[in-house]
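Here is a short set of exercises with worked solutions. Keep the viewer open, try each task, and then read on.

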Amino acid sequence: MKTSVNGLTSTSNMNIAPAAPITPLKTNGRSSLLSNENSPTNQLDPQQSQQQQQPQQQPQQPHDKTPPRMTPHNSPIPTAIPPGVHQENVGGTIYFYMTANHTSGQTSCSVVNSETVLNHHSSVNVVSGAVVTNNSTPTSMLYGGVGGHHVYPGPASNVISMQPKSQLSSAFFMPDDMRMEIQARNEIANLMLEAHDNTNPTNPAVMEVGNYHSLYPLEPQTIHPKLPCPSSTYKATNSTTGIKYCLRRLHAFRLPSLKCMTLVDKWKQLQHSNVVQLREVFTTKAFGDNSLILIYDYHPGSQTLFSKYFTPSQDSNGYTDPFGGEARPFSHKSNLQRTVNGPLLPESTIWAIIMQLTAGLRAIHQAGLACRQLDPTKIIVTGKRIRFSFLGISDLVSFDPNHANQLAVLHMHQQEDLTQLGKLVLALACRCLQSVQRDNFQTSIELVSRQYSSDLRNFILFLFNSAQRRSVTDLMPMIGARFYTQLDALQSQCDMQEDELAKETENGRLYRILIKLGCINERPDFNLDVTWSETGDRYMLKLFRDYLFHSVTEDGRPWLDHAHIVQCLNKLDAGTMEKVQLMSRDEQSILIVTYAELKNCLENAFSELVAQAPS
Ligand SMILES: Nc1ncnc2c1ncn2[C@@H]1O[C@H](COP(=O)(O)OP(=O)(O)OP(=O)(O)O)[C@@H](O)[C@H]1O
């Protein structure tokens, strides 16, 4: 039968007529380890059967002669035949299936003891109920369960065209580049310093700063002695929640006034996708001085706008600016900055940055705050996201509690923010920090006129015009219809990510079933019963595991079909009434069982484990 899972076509035999089994695939069992005479198929208790068979099998040592291909031990043959189950020997293979008056009802088919069968159906749920009322319900309709949530319907048509090339793996997993990006960020987030010296209390790896530990420096040179307020930046882990944060330490710093805590509270409340959120501010003596600590959200894998766009590119013939580390943007030092920072940026990139910066700035100004450090070293880039980082520090460092008109000061700072934004956009357009200096300004604007649209030029000129009172809301009409392009790109990205999420939701669901199967299959003993995982309900789960993973082709080669595994697991999770043919490893017994019953076996067996597990 041809089946399609996740848009992939697979040939697998799922619908097996009980009386006429077709077995193009078989589980990788050995040929007859137990003859039919040795397999007392009329015995009723599988556990008993197991106990009885063990001593008989021991002396035979069949594996000594021909080593088994999969696992060295035999599967015990279940021997309990519940009422209504018919047994038939076809060509030396025993088939079990329901007699006619049982197949249409709830007791569809099984080879477990009758008590279990009844229990199964008390909880086989709505799927089996659907079969009772309408025996002719097509399997495909049952497969999705009542909610239809057991099957990933495949990618949406609008996203399939966005994906570069449909590979087999893309039907089940996220694209490689997305996975690698996430893994890289995880790796960065998990970086730890080696705690060589546990006795040194100022070793960041071992020190505790407030409720934070495992400090990891985020910059190679942690102290900037030339800055008015030396500071250092770390990744740190919250001791209570284990969540990682970005910890900024202001060295030997005392708050000028407790009044500035109202500003801190305002910053803490500012939540925006283009702002790194401030979470907490406290003082500490952990570093041996009186440091002020600011805790911000941590965005692993970020780099500053400065390092992304204003540092010499790889193709600058190995030239490195000896002053690069010290030069502060837009300052005299910047004159020394090398200008070869890579090619000019596409205009769309500049607008994408502008839109995010103006969005963040708008939120800041509307909250009655000013950025005051609109500087490429204080703007971080994470993937395509731009965020203002370390906000609030300027407010603390230069807070003047005696200033009479705080509102006028705020307006002045907001105007200054807009000028700084103009400088930053000009520097980005010229890809050079010196471009904003008075002497270079005219040349820089000419370059922008030549290379970019008049809209971009006008945008920059508007921001440079400090003679007029500007507002961040004036910028929106200047961005104009480009906003829609950005919105469209973001929404398309959301569509794609949602589709990947749908795949991963499926993977998570199947993973949970595999966890349950893994906890049950091959468990060496449970409640002092060494045969637990091999008998009763668990026996069927073992054979099902073989069917899932150990199927072989007619000529004995491993049959590795991802679609087969996914499809069977989905049917198990849905608990469909479709029957599956399971073969014992000695190939002498075939059990025909519904997925509903397998699901019940799984749930029962796992519940047994959960009941005994320490809470
Ligand atoms: N919230 C954050 N999450 C993750 N990384 C961040 C965050 N904020 C900043 N960073 C990263 O931390 C590093 C150090 O930032 P910092 O502002 O200290 O840089 P800097 O250029 O050394 O500035 P300064 O001279 O003021 O210390 C940068 O690489 C930056 O990308």
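**Before you start**

Contacts reaching 24 or more positions along the sequence make up 67% of those in the chain with a separation of 6 or more; two residues are in contact if their C-beta atoms, placed from the backbone, lie within 7 Å. The model is predicted, so local features need pLDDT of at least 70 and side-chain atom pairs count only at pLDDT 80 or more, while totals for chains, interfaces and linings use all residues. Residue numbers start from 1 along each chain as its sequence is written.

**Exercise 1. Take stock of the chain.**

Find how many helices and strands the chain has, and what share of its residues count as buried.

*Solution.* Begin with the secondary structure: there are 20 helices and 16 strands. These are DSSP runs, numbered from the N terminus, with helices (H or I) of at least four residues and strands (E) of at least two. Next comes burial: 33% of the 615 residues count as buried. A residue is buried if 20 or more other C-beta atoms lie within 10 Å of its own, exposed if 12 or fewer, and partly exposed in between, with C-beta atoms placed from the backbone.

**Exercise 2. Describe the ligand shell.**

Which residues come nearest to the ligand, and why does the ligand lie between two domains?

*Solution.* Start with the 18 residues around the ligand, of which Leu218, Glu219, Thr233, Cys246 and Thr377 come nearest. A residue belongs to these surroundings if its C-beta atom, placed from the backbone, lies within 6 Å of the molecule. Then sort the shell by class: seven residues are nonpolar, nine polar and two charged. Here Ala, Val, Leu, Ile, Met, Phe, Trp, Tyr, Cys and Pro count as nonpolar, Asp, Glu, Lys and Arg as charged, and the others, Gly among them, as polar. Now look at the strands: S7 (231–238), S10 (291–297) and S11 (303–304) each supply at least two shell residues. Finally, the ligand lies between domain 2 (199–298) and domain 3 (329–480) because both give residues to its shell; the domain bounds come from an automatic or database domain assignment.

**Exercise 3. Characterise a helix pair.**

At what angle do the axes of H18 and H20 cross, and which residues meet?

*Solution.* Two packed helices are described by the angle between their axes and the distance between the axes. The axes of H18 (residues 537–549) and H20 (residues 595–612) come within 9 Å and cross at roughly 120°. Axes are lines fitted to C-alpha atoms, for helices over the stretch in contact, and angles run from 0 to 180 degrees between N-to-C directions. For the contact itself, Asp537, Arg538, Met540, Leu541 and Phe544 of H18 meet Leu598, Cys601, Leu602, Asn604 and Ala605 of H20. These residues divide into seven nonpolar, one polar and two charged.

**Exercise 4. Inspect two positive phi angles.**

Where are Arg372 and Phe390 found, and are they buried or exposed?

*Solution.* Arg372, a residue other than glycine, has a positive phi near 65°. Arg372 is in the loop between helix H11 (347–366) and strand S12 (379–382), and counts as buried because it has 21 C-beta neighbours inside 10 Å. Phe390 is not a glycine either, and its phi is positive at about 55°. Phe390 sits in the loop between strand S13 (385–388) and helix H12 (393–397); with 20 C-beta neighbours inside 10 Å, Phe390 counts as buried.
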